[in-house]
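Have the viewer open and the sequence beside it, and let us take a walk through this model together. We will stop at a few places and look at who sits beside whom.

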Amino acid sequence: MKQYIYLLILIPFFIALSLPLEAQNIDRKLLTWEQKTIHIGAVLEEKGPVETTFYALNSNREGIIITDVITDCGCTTVNYSKDTLHQEQIASVQVRFDPDHRGGEFSKVIIVRTNQDIYGDTLYLEGINMPVAENVEMAYPIRKGQLGFRLPGINLGNVFTNEPKIRYVEVHNFGKEEFSFSDMQPQLPDYLTFRLEPERIPSGQRGVLVVNYDGQKKNDLGFFDENIKLNLSEGEELELRIIAVVYEYFAPIPKSMENIVPRLTLSENEVDLKEVSAGRKVQRNITLSNQGQDDLVIRKITGNCDCLSFNLSNKMIRQGARANLEFEFDTKGRRGIDHKHITIFSNDPINPVRTITIKSNIK
């Protein structure tokens, strides 16, 4: 009787133990994709559907058959290789995106299942959908020469130094002649490139201005608001306002390295100057220290106002050492409650940008 009871107890135990082992033994023979994400850029509705192709290699000894391809939207259709893919053979999944009236950025999911992998690989088709404007005069209210823009400036947002940032800007040619850029752009800084899609925009039609901003080539950090001039094919110039915030890129730091990498600490994150007489210049000091083992380098210090000036005693701070940041706030021409900010850029990979708030009540 006891043996029977023990057997009843042990059978469920062994069944439960065998389940995760079975799951671990599932052999997923995957395809090796050339790229799992394709960005097709700006899609103009009047140009019709856009097509692109994903390619995959079967590096397994067994043959693989694509059994099913699923998309998350009726606007995305696919055509794929249906023959058996033997070792070292290449599969293709052709994707066709049909733009609709919904504008903005999109990311379409495509799941590719095979006879060797029931879970499937997930691919992404990304881009920017640009529907046709019902009223071009209202849609492009900002005029720069013969071109119409939706906004007065081109804001690239945050730009990191590890890869260029691309912005697609919709433009409309209101001129009587086609619009194009000159091949010679001697005034253009090397961190900025521009191109038109198509290269020549006919009269009364729209196109896309592709802006490429290289944060590494900019060789500077912080907020930038610049006016850039482009030479046109007919000898005229086009002036554009370009806005960007450039940050240094740092790869993720493992937990084990957090005490080794440079670590910036501040004696205070907020300085309250309290009541200050108008027209005075007020000085204060903030201590910067390095709690990491590697050398801390202060890349740049900026303020959000010309009324702030700085003096840093040392840009390189060794382990356990300190540096003194003296700042001066000129209250000339200011009244009432005031907030200013000091931004510090450093090689601290965990907190590379630190902000100090300067509060005051100017009377």
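What follows is a guided tour through strands, disulfides and a few single residues.

Please keep in mind along the way that this is a predicted model.

Let us begin with V112, a residue of strand β7, which spans residues 104–114. Is V112 buried or exposed? Its relative accessible area is 1%, under the 20% cut-off, so V112 counts as buried. Which residues surround it, once neighbours within four places in sequence are set aside? V112 is in contact with W33, I66, D68, V69, V93, G120, D121 and L123. If you would like a distance to check in your own viewer, try V112 and I90: they are 22 residues apart along the chain, and their C-alpha atoms are separated by 14 Å.

Next come the disulfides. As a reminder, a disulfide is a covalent bond between the sulfur atoms of two cysteines. How many disulfides does the model have? The count comes to 2. Numbering the bonded cysteines along the chain gives the pattern 1-2, 3-4.

One of these disulfides joins C73 and C75, with the sulfur atoms 2.3 Å apart. The angle about the S-S bond is 130°, and the link of C73 and C75 is right-handed. Both ends can be checked for burial: C73 has a relative accessibility of 14% and therefore counts as buried, while C75 is buried with a relative accessible area of 11%.

The other link is formed by C305 and C307, with an S to S distance of 2.3 Å. Here the angle about the S-S bond is 140°, and the link of C305 and C307 is right-handed. C305 counts as buried at 14% relative accessibility, and C307 counts as buried at 9%.

From C307 we can step along the chain to strand β21, which covers 308–312 and is an edge strand of a sheet. In what order do the strands of that sheet lie? The sheet is open, has 4 strands with antiparallel pairing, and runs β17-β19-β23-β21. Its edge strands are β17 (264–266) and β21, each of which pairs on one side only. From one strand to the next, the twist averages 25°. Within this sheet, β21 is joined to strand β23 (residues 322–330) by 5 bridges, and the two run antiparallel. To find your place in that pairing, look for S309, which stands opposite E328 in β23.

Now for a hairpin. Strands β15 and β16 are its two arms, with 5 residues between them. β16 takes in residues 237–247, and its antiparallel pairing with β15 extends over 10 bridges. One bridge to look for links G222 with its partner V246 in β16. What is notable about the backbone of G235 in this hairpin? G235 takes a positive phi near 90°.

While we are in this hairpin, E226 deserves a stop. E226 lies in β15, which spans residues 222–231. Its relative accessibility is 17%, and because buried means under 20%, this glutamate counts as buried. Which side chains make polar contacts with the side chain of E226? Y191 does so at 2.5 Å, and K218 at 3.2 Å. Leaving aside neighbours within four places in sequence, the contacts of E226 are Y191, Y213, K218, L240, R241 and I242. Y191 and K218 thus appear both in the contact list and as polar partners of E226.

Our last stop is strand β25, made of residues 353–362. How do its pairings with β18 and β24 run, parallel or antiparallel? With strand β18 (residues 270–276), β25 pairs in the parallel sense over 5 bridges. With strand β24 (residues 336–346), β25 shares 10 bridges and runs antiparallel. β24 and β25 also form a hairpin, with 6 residues between the two strands. Two residue pairs help you to trace these pairings on screen: E275 has N361 of β25 as its bridge partner, and F345 stands opposite V353 in β25.

How values were computed: Residues numbered from 1 in each chain as written. Predicted model: local features only at pLDDT ≥ 70, side-chain atom pairs only at ≥ 80, totals over all residues. Heavy atoms only, no water. Buried < 20%, exposed > 50% of the residue type's maximum accessible area, 1.4 Å probe, protein only. Polar contact = N/O pair within 3.5 Å; in protein donor to acceptor, adjacent residues only side chain to side chain. Contact = heavy atoms within 4.5 Å. Pairing = 2+ DSSP bridges. Axes fitted to C-alpha atoms, helices over the stretch in contact; angles between N-to-C directions. Disulfide = S-S within 2.5 Å.
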